[in-house]
Amino acid sequence: MLRFLTKSARPQPASRPPVGRRISVVIPSYNHAAYIAQAIGSVLDQDRPVDELIIVDDRSTDASRAVIAKAIDGYAGPVRILCDLLDRNGGAHAAIAHGLSKASGDVLTILNSDDAYAPDRFRAIHAALPPDGDFIAFTGVDFMDDSGARLAEDDPVRVWYRDVLGQAGACPTIGFALLRANIAVTSGNLVFSRGLYKRVGPFAAYRMCHDWDFLIRCMVHVEPIFVPGAHLRYRTHLTNTLKSTGDLMHSEGSAALKTYLALIARGPTANRLAPTPENWPVYFRFFIATYAPWFTGQPIEKVARQLFPDLETLPSWLSAAPVAGGFLTAPTPEQDALALRRVVDLLMPR
């Protein structure tokens, strides 16, 4: 491992962040020389300052490292800055894992090197976090083009995002919404506690959906928090992973879904709102028989049966043959009442 630059600025008393959790930001950098200065600037210019910025260059072949050095040259603010160069190109998940291993904060977060934070991002997020315990949170997203200009309202990417948010609004919880679509959009939108990261483990070695896989593994433990407002600026350009790895959508999405289904098959979850047949005895069965995940047009139930072809490994709630109406077992009136009450309590809190 070669460290190419370290800069630890002495905080000025007037610039210290408010009392609260310490926030570490990791930027995995790879061949984004045209964008990374804006990404770095958006971290250092937060109106609620973060505590630490860790930039991990994944063996870029462009001028990224020179741009990084220039971007932080002369910085004398409150943020501790560390830059590392990986020994070899390992992919986004490897750069993220290395950066998080160096982080000292109790709040961990990521920013992709071609995206940017809105100036009020961490003030909004910090206000939404629980006072203690583990968590994962994400915010709304705005979209910009290669030059940094905001995408038009009729741009296909923005239309897609409005559509998935609309679908999410029809779900009783954020967890169910995430099984339909990755409404967080990107790993750069995830903010999570150190304790949760230790429990869940690192991001998987996926190119397309390491963020979605991590999110749905986290929701076995905690209910994700959605912070309204476009506090992340996602850049669309010709080299986006989303555009260059479309052929991986189904294989990686299926693998991530299988991991989640295997986790919930083990028994009760710590997150009592997690989408499981135990937590939602009626609605879960309706949901998986009705809705498709983002990577296929087939309902989750049908995909799940394909993922577990061996009867010995088939989760118990899938072992029975489907019956009319989409339920795997006939719901009792008590189950119906319980499911309805949970939905009403979530949508109309007292």
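Q: In which loop of this predicted model does R59 lie?
A: The model is predicted. R59 has a phi near 60°, a positive value in a residue other than glycine. Its place in the chain is the loop between β3 (52–57) and α2 (64–72).

Q: Is R59 buried, partly exposed or exposed?
A: The relative accessible area of R59 is 32%. Buried requires under 20%, and exposed requires over 50%. R59 falls between these cut-offs, so the class is partly exposed.

Q: What is the phi of V185, and where does V185 lie?
A: V185 sits in the loop between α6 (174–180) and β8 (191–193). Most residues other than glycine have a negative phi. V185 has a positive value, near 80°.

Q: Is V185 buried or exposed?
A: The cut-off for buried is under 20% relative accessible area. V185 has 16%, so the class is buried.

Q: How many helices and strands are in the chain?
A: Of the 350 residues of the chain, 51% count as buried. Take contacts between residues at least 6 apart in sequence: 78% of them join residues at least 24 apart. The secondary structure comprises 13 helices and nine strands.

Q: Are α8 and α10 roughly parallel or roughly perpendicular to each other?
A: Helix α8 (residues 210–218) packs against α10 with the axes 9 Å apart. The angle is about 10°. Angles under 35 degrees count as roughly parallel. The pair α8 and α10 is therefore roughly parallel.

Q: Which residues of α8 meet α10?
A: On the α10 side, the contact includes G253, A256, L257, T259, Y260 and L263. The residues of this contact divide into six nonpolar, two polar and two charged. On the α8 side they are W212, D213, I216 and R217.

Q: At what angle do α10 and α12 pack?
A: Helix α10 covers residues 249–264, and helix α12 covers residues 300–307. Their axes are 10 Å apart, and the angle is about 90°. That makes α10 roughly perpendicular to α12, since the range for this class is 65 to 115 degrees. The angle asked for is about 90°.

Q: How do the residues of the contact of α10 with α12 divide into nonpolar, polar and charged?
A: From α10 come S254, L257, K258 and L261. From α12 come I300, V303, A304 and L307. The division is six nonpolar, one polar and one charged.

Q: Over the face of which residue does K258 lie?
A: K258 is among the α10 residues that meet α12. It lies 5.4 Å from a ring centre, over the face of F308.

Q: The charged end of R121 sits over which ring?
A: The distance to the ring centre is 5.8 Å. A charge over a ring must be within 6 Å of the centre. The ring belongs to F122.

Q: How many aromatic pairs are found, and what is the geometry of F203 and F214?
A: A search of the whole structure finds 21 aromatic pairs. F203 and F214 form one with 15° between the planes. Planes under 30 degrees apart count as stacked, so this pair is stacked. The centres are 4.2 Å apart.

Q: Which parts does the F203 and F214 pair tie together?
A: F203 is buried at 5% relative accessibility. F214 is buried at 0%. The two are eleven residues apart in sequence. The pair ties the loop between α7 (194–200) and α8 to helix α8.

Q: Which residues form one aromatic cluster with F176?
A: The cluster contains one Trp, and that residue is W280. The others with F176 are Y283, F286, F287 and Y291.

Q: With which residues is P277 in contact, leaving aside its neighbours within four places in sequence?
A: P277 is in the loop between α10 and α11 (283–290). At 7% relative accessibility, P277 counts as buried. Its C-alpha atom is 10.0 Å from that of S316, 39 residues apart along the chain. The contacts are I264, F284, R285 and W317.

Q: What separates the C-alpha atoms of G267 and E278?
A: G267 is also placed in the loop between α10 and α11. It counts as buried, at 12% relative accessibility. G267 and E278 are eleven residues apart along the chain, and their C-alpha separation is 8.0 Å.

Key. Residues numbered from 1 in each chain as written. Predicted model: local features only at pLDDT ≥ 70, side-chain atom pairs only at ≥ 80, totals over all residues. Heavy atoms only, no water. Axes fitted to C-alpha atoms, helices over the stretch in contact; angles between N-to-C directions. Helix = DSSP H or I, 4+ residues; strand = E, 2+ residues; numbered from the N terminus. Parallel < 35°, antiparallel > 145°, perpendicular 65-115°, else oblique. Contact = heavy atoms within 4.5 Å. Nonpolar A, V, L, I, M, F, W, Y, C, P; charged D, E, K, R; others polar. Phe/Tyr/Trp six-rings, centres within 6.5 Å; stacked < 30°, edge-to-face > 60°. Buried < 20%, exposed > 50% of the residue type's maximum accessible area, 1.4 Å probe, protein only. Lys NZ or Arg CZ within 6 Å of the ring centre and 35° of its normal.
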